[in-house]
Amino acid sequence: MKKNLVVALVMVFAGLCAHAVNYVTATHKEGKYTIKINLDKAYAGKTTYLEMSVYEDFGRVRSMKISPAELNAGEVRTRTFSDSALPEGDYYWRICIYSADKDGSKWIYPGETDMQTLHMTGEPTKYNMQADDTEFEPAEFDDGTRLELSSVWLRSSVLGNHPYPGVDLPGLDNKRTIVYNHGVYVKDGVIYLCRGSFMSAGWASDPTRVWLLRYDLATGEELPMLRVYAPGGNAYPDALVMPRIHVDSDGTLYFTTYQVAISPKRMTMYTVDLSDVTPETTSVVAREAISLERKKGDMPELFAVKGSILSGDYEIWGYSDNESDMDNMDYTDWHVVRWKVRGGVATEEWSILPKTVSPTKASFRVKLYPVGDDCFYVCGCSMYGELIFPALYRFNVKAEAELLSSYTDEAMLPEEAEPQASGLAMPIIAGKQLLVYGIHAAGNPEATAARIVSTPSLTAGFDTHKILWCPGDSKGFSTNDMQGLDAKYIPDDSENTGGILVLFLGNGALGVYRVNVTSPTVSINQPGVAPVAVTYDGSYVNLGVKVAGAGVYDMQGRRIAAVTDVADRIFTGSLDKGVYIVKSGDNKQTMKLIVY
């Protein structure tokens with residue numbers, strides 16, 4: 001690239017009068033860039049930023065403020081900076097004229113024939129692994145099982161090395177912003193997070209914001225992001241976000257899109273196959289699974305699937321605050337909505353959750369987690385510092401849901417709790433059912449931590465829970481007001497020696513913990529271990545008994561299908577003739593399956 005190039009860049013904004021033209025020039029001399037802006041008087045006093053990104057669509061932005069020489073007077077502004085101010089590389093650039101009013105911010109882009117990038121020469125950013133210094137006592141179980149937890153690495157706001165922030169729009173921060181980046185997915189040594197924030201820089205001008213962040217499972221180092229395109233390879237409209245990624249009982253990754261500040265009546269669910277993704281892959285194309293429309297009331301924001309999407313026999317759950325129907329409804333009666341999908345046809349049902357509104361009448365972001373027969377966990381938060389702590393309910397069609405158990409005495413009544421870590425995870429480790437949810441750190445009450453408990457079953461009461469560990473309890477993860485929570489456990493491939501627990505607090509922290517397992521020596525024929533006899537019916541591998549997680553593998557060790565919760569069968573679809581291995585109960589039992 002030629003360094004001593006002087007380029008004039010011009011863009012005319014729609015809506016301005018004919019003579020209202022904004023100019024910007026970039027010059028490079030003696031190792032420094034100078035950006036000069038000539039603004040029309042219509043923008044007197046507006047804040048301007050230089051935005052630079054290694055991505056052409058400005059998916060990642062580095063911002064520098066460019067102030068006028070004299071506020072509200074001359075609109076000639078300059079900013080000079082060293083070409084070593086950013087890590088070495090070519091950066092696309094533009095000028096943001098920031099505005100918080102209804103007209104929104106505006107951008108000045110280089111013309112097609114003009115210089116598109118600024119070459120920076122700084123040292124590469126070095127990533128240094130840090131860990132959670134919380135000390136964890138071993139967890140002992142009555143059957144002799146012993147679990148030991150230790151931190152591998154941690155990225156958090158408190159440590160100052162947090163994952164990429166949910167908000168990067170100039171003038172805003174992460175402290176009080178509702179962030180749509182819930183859920184974590186792990187595959188082939190890579191952690192995937194959804195980049196769902198509706199406040200990301202350039203949202204109004206860029207074509208899409210549906211993409212996945214990637215982090216190395218072993219170290220926590222950030223990898224290049226992965227763009228997700230709509231079916232057909234088209235970009236999702238800029239108004240749509242990906243608020244949450246999740247997996248069904250087979251481990252299929254799915255997400256829904258959501259349009260912020262709109263009360264939608266329709267939802268489309270997509271699945272994403274990351275099997276062929278490599279470090280060099282830059283994008284994937286989603287597949288549409290189903291599209292739903294509500295008969296009455298608003299569509300939920302966040303969804304959960306119970307069952308297998310690929311089987312065509314599953315349920316979709318969500319929570320709706322029905323804001324557009326408030327004139328016709330009791331404000332405190334909001335809906336848990338459930339669609340039963342059979343052969344691609346969905347039947348809608350709803351149940352009522354009372355007391356879900358605070359005195360401020362804030363709109364809540366609520367997550368549901370269906371478990372057992374007609375039961376579900378619920379937790380959520382609002383933008384006014386109120387938290388709905390985890391509670392367990394039973395779904396009653398067209399009637400009030402039955403409260404079964406709750407973390408607090410008040411159940412669904414929102415409580416003031418800042419910061420908030422809203423979410424629930426249900427990993428199974430060494431055959432033990434665990435629950436993970438957010439709390440305040442004992443060593444830093446202004447920050448979040450996580451509590452990991454064991455429970456006899458997912459429908460057992462909170463009074464039966466046994467606290468095992470509290471990651472982040474010594475210093476906390478983040479002081480940001482609104483955070484999410486999710487966790488995934490990846491058992492070792494070989495023997496039942498343990499595995500990796502990934503913990504993600506959206507807008508707060510991302511960490512990996514090692515779980516070492518010491519299991520009692522038990523014969524498969526001894527009491528306490530139910531033998532599994534596998535059969536295949538052309539669509540499902542049937543186990544005969546319910547187990548805590550199971551998988552089907554081919555003779556090369558590749559996983560064909562799996563269930564992540566308690567189940568007695570695994571959907572595989574049509575299997576080729578051959579020999580398969582079925583592992584159940586966190587690899588405690590291994591069986592051979594022959595398909596003729």
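Trainee: Before we look around, what does partly exposed mean here?

Mentor: Buried means under 20% relative accessible area and exposed means over 50%, so partly exposed is whatever falls in between. Keep in mind as we go that this is a predicted model.

Trainee: Got it. Let's try that on a salt bridge: which side chain does E402 meet in one?

Mentor: E402 pairs with R394, with 3.5 Å from N to O. E402 has a relative accessible area of 38%, so it is partly exposed. R394 falls in the partly exposed class too, because its relative accessibility is 31%.

Trainee: And which residues do salt bridges with shared partners join into one network?

Mentor: That network is made up of E140, R146 and E148.

Trainee: How many salt bridges does the count come to?

Mentor: The count is 13 salt bridges. One of them brings the side chains of D133 and K475 together, at 3.3 Å from N to O. That pair links distant parts of the chain, 342 residues apart. D133 sits in the loop between β9 (117-120) and β10 (139-140), while K475 is in the loop between β37 (466-469) and β38 (482-484).

Trainee: Buried or exposed, or partly so: how do D133 and K475 count?

Mentor: D133 is partly exposed at 43% relative accessibility, and K475 is partly exposed as well, with 42%.

Trainee: What about R294, which residue does it form a salt bridge with?

Mentor: R294 bridges to E348, and their closest N and O atoms are 3.2 Å apart. R294 is in the loop between β22 (287-293) and β23 (303-308), and E348 belongs to strand β26 (residues 345-353), so the bridge ties together parts that are 54 residues apart in sequence.

Trainee: Why do R294 and E348 count as buried?

Mentor: R294 has 5% relative accessibility and E348 has 15%. Buried means under 20%, so both values qualify.

Trainee: Change of topic: pockets. What volume does the second largest pocket have?

Mentor: About 830 Å³. Its lining has 25 residues, and R60, R62, P87, T125 and E222 are the ones nearest the centre. The elements giving two or more residues to that lining are β4 (47-53), β7 (89-98) and β15 (222-229).

Trainee: Which element gives the largest share of the lining?

Mentor: β15 does, with four residues.

Trainee: And how many of the lining residues are nonpolar, polar and charged?

Mentor: The lining of that second largest pocket has 13 nonpolar residues, five polar and seven charged.

Trainee: Now the surface. Which residues make the nonpolar patch of about 450 Å²?

Mentor: M555, V579, I594 and Y596 make it. Y596 is in the segment after β46 (589-595). With a relative accessible area of 77%, Y596 is exposed.

Trainee: Last one, backbone. What sign does phi have for most residues other than glycine?

Mentor: Most of them have a negative phi. That makes a couple of spots here worth a look. D188 is not a glycine, yet it has a positive phi of about 50°. N507 is not a glycine either, and it has a positive phi of about 70°.

Trainee: Where is D188, and where is N507?

Mentor: D188 lies in the loop between β12 (184-187) and β13 (190-194). N507 is in the loop between β40 (498-505) and β41 (509-518).

Trainee: Is each of D188 and N507 buried or exposed?

Mentor: D188 is exposed at 61% relative accessibility, whereas N507 is buried, with a relative accessible area of 8%.

Definitions and conventions
Residues are numbered from 1 along each chain as its sequence is written. This is a predicted model: local features need pLDDT of at least 70, side-chain atom pairs count only at pLDDT 80 or more; totals for chains, interfaces and linings use all residues. Side-chain values use heavy atoms; hydrogens and water are left out. On a 1 Å grid over the protein atoms alone, a cavity is a set of points where a 1.4 Å probe fits but cannot get out, and a pocket is an open set with protein on both sides within 12 Å along at least five of seven lines; lining residues have an atom within 4 Å of a point. Grid points are joined across faces, edges and corners, and a volume is the space filled by probe spheres set on the points. Ala, Val, Leu, Ile, Met, Phe, Trp, Tyr, Cys and Pro count as nonpolar, Asp, Glu, Lys and Arg as charged, and the others, Gly among them, as polar. Patches are made of residues with over 30% relative accessible area and no salt bridge: like charges are joined within 9 Å, nonpolar side chains (Val, Leu, Ile, Met, Phe, Trp, Tyr) within 5 Å. Accessible areas come from the Shrake-Rupley method with a 1.4 Å probe; for residues, only the protein chains shown count as cover. A salt bridge is a side-chain nitrogen of Lys or Arg within 4 Å of a carboxyl oxygen of Asp or Glu. Buried means under 20% relative accessible area, exposed over 50%, partly exposed in between (1.4 Å probe, protein chains only).
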